[in-house]
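Reader: I am new to this structure and would like a close look at one part of it, the surroundings of the ligand. Please also say what open and enclosed spaces the protein has.

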Amino acid sequence: MAEREKAPEDAKGRPWVKTLFSYARRCKGKMIASFAVSLASVGAGFVPFYAVYRLMAMAMDGSLTWDGSVLWLALAAVFYLASKVLFGISTLLSHVSAYTILETLRQDFVRKLMKASLGTVQAKSIGNLKNVFVDRIESIEPPLAHMIPELGGSLVLAAGLAAWLVAIDWRIALACLACVPVGLAVFASSLKDFNAKYAAYMAESNRVNGVIVEYIEGIQVVKAFNQASDSYEKYAGSVRAFKEFTMQWFRSTWVTMNLMSSIMPTTLLGVLPVGLALYFSGSLAPSGLAMGIVLSLAIVDPLMRFTSFVNEMKSMEYAVADAAEFLDLPELPEPKSRAETSGFAVEMKDVRFSYKAGEEVLHGVSLSVPQGTFTALVGPSGSGKSTLARLIARHWDVDAGSVSVGGTDVRSMPLDQLSELVSFVQQDNFLFDATIGDNIRLGKPKATDEEIARAARAACCDEFVKRLPCGYGTSAGEAGRFLSGGERQRISIARAILKDAPVIVLDEATAFTDPENEDKIQRSIARLAAGKTLVVIAHRLSTITRADQIAVVDGGSIVALGTHEDLLGSCPLYARMWAAHVGTQDWAAGSNAEGGNR
Ligand code: ADP
């Protein structure tokens, strides 16, 4: 929290306002126009005051006639109307600008997600990402949309009215504005430690958000283990602590805030006695006195509005700094133009990699996967199989050595090109909130319905999709209730079949072991892999006995490489894993048989 006690700057060290305006590249013109129109609105707003002044002056020197007053009344009405219309236009332009900035921020964010390494993105919690890019960015909109017309206009209006007061009589202007420095001084005292307090407030708010998200996400476990009271205590305690923190802050400022809002509007307190004294001494005309009173009342509103923006500016400052923290994440360097490739072999040369500095996970791994062959990665949990697989899809960059596809280093081709070459089918087969058909279509956005159906048939999905209430048109959310884990995985295999990339990296599912599902998944994988370069992270050794080569990974190195038969004889680790696997299968078969006998 300590580093947040001064005004936040973004990762590039720019002040936040500069950062905010750097996001306004698409709406600079509109923002300038909004400000210009707001000035015009303020200018037009002076005319009714001037009309009142003229009418009063005429009334007081006895020259007021009905015909003479009609002109001023009409002018006052027209300019009042014009000022309101111009204000409306300025607000409209500023709202369009504010929403454009929000849109730009969110688009930049998604672009950043695509360009940054997966590791950098995954290091951020989903709750944090959601908080910044949904809620906090939204909080920029209201102040931003109102600041240009209202704050800009208020400042100019207050300055204009003050100048007019000076033109009437500098002493009445002083009397009017005497309360302002007193009010501002009180206001400033309420802002003592504001930065530190606001930083603490944000930290508290993030903490309570985190606890709420954790509680809701974990509700299933809470219920299953009957932990309702303990978990609720933690939840309720955080919510209570947050309330107490905000109440304490409120209590520490409410006297000064109320004092300020009582002092600032008391312009009449000075204007009335001073104005009357000047009037009776003959140095101020009656119309000057009347106008002084009118202007001193009119100046209150813009001054008060200005103070109300302080809090909102601060919340904007934090939201911008938080967004910038994500938007300035380092990107994976990639060339602009496509690279030449030849064939679809995968080659890893002396690859070293660590997720965290100083904790190397892969220690100089070399592996050659010839085009069109099937390579399996096996090894104990945590040995580095998934990491190897992810490096082929360039979810991260290697620390040393190289990974190449088609003879070209993956860092030397644009990410789009690599994505065309490599399909990574993972265990957690994510379905988007779209129809089942569209979920498959993600593999090839321009695919026809017939192509989707063909891919679905190849992945053994057709039969269960047809049973869904609206077939391929069933939404994934609705279908989720009917789909088993294995069926979900087959949909993601259909997606990969449709994509038809020449290199397939597949994380074999561990969870779905019922024989029928297993058989269908194996058949669909065989169709997906036909003629492709295939790398499989294998969890069940029976599925890879026919692999062209099996790489045994242990402790971040490949300790043996060969066919199933080779390894049974030459690699004790593999032989042990095989024996354990066969044992489990026997046990499973035995317990099934026992179950069947019961
Ligand atoms: P396997 O797939 O063989 O189970 P992994 O490649 O997932 O092994 O993990 C290899 C090592 O890297 C493990 O020690 C694991 O804890 C670590 N690891 C995996 N993913 C991450 C990550 N995103 N951040 C930090 N460490 C990780």
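Author: Helix H15, which spans residues 385-392, gives the largest share of the shell around the ligand, with four residues. The model is a predicted one. Listed in full, the shell consists of Tyr 355, Val 361, Pro 380, Ser 381, Gly 382, Ser 383, Gly 384, Lys 385, Ser 386, Thr 387 and Arg 390. By class, these residues are three nonpolar, six polar and two charged.

Some of the shell residues can be described by their distances to ligand atoms. Lys 385 has a polar side-chain atom 2.9 Å from an oxygen atom of the ligand. At Gly 382 the backbone takes part, with a polar atom 2.7 Å from a ligand oxygen. For Tyr 355, an N or O atom of the side chain is 3.5 Å from a nitrogen atom of the ligand. On its own the ligand has 550 Å² of accessible area, and the protein covers 62% of this.

Next come the open spaces. The largest pocket has a volume of about 2,200 Å³, and 47 residues line it. Those that lie nearest its centre are Met 114, Leu 118, His 395, Gln 426 and Phe 432. H15 is among the elements that give two or more residues to this lining; the others are helices H3 (66-115), H4 (118-122), H5 (126-138), H16 (415-421) and H21 (485-499), together with strand E6 (422-425). H3 provides the largest share, six residues. The lining divides into 24 nonpolar, eleven polar and twelve charged residues.

The enclosed spaces remain. There are three cavities of 30 Å³ or more. The largest cavity has a volume of about 50 Å³, and H3 gives the most to its lining, with three residues. The residues that line the largest cavity are Phe 109, Lys 112, Leu 113, Val 121, Lys 124, Leu 129, Phe 326 and Leu 329. Six of them are nonpolar, two are charged and none is polar.

The second largest cavity, with a volume of about 40 Å³, is lined by Leu 391, Arg 394, Trp 396, Asp 397, Val 398, Val 403, Asp 409, Val 410 and Arg 411. By class, its lining holds five nonpolar and four charged residues, and no polar ones.

Methods
Residues numbered from 1 in each chain as written. Predicted model: local features only at pLDDT ≥ 70, side-chain atom pairs only at ≥ 80, totals over all residues. Heavy atoms only, no water. Near = heavy atom within 4 Å. Polar contact = N/O pair within 3.5 Å; in protein donor to acceptor, adjacent residues only side chain to side chain. Areas by Shrake-Rupley, 256 points an atom, 1.4 Å probe, with all protein chains shown as cover. Nonpolar A, V, L, I, M, F, W, Y, C, P; charged D, E, K, R; others polar. 1 Å grid on protein atoms, 1.4 Å probe; cavity = no way out; pocket = protein on both sides within 12 Å on 5 of 7 lines; lining within 4 Å. Points joined across faces, edges and corners; volume = space filled by probe spheres on them.
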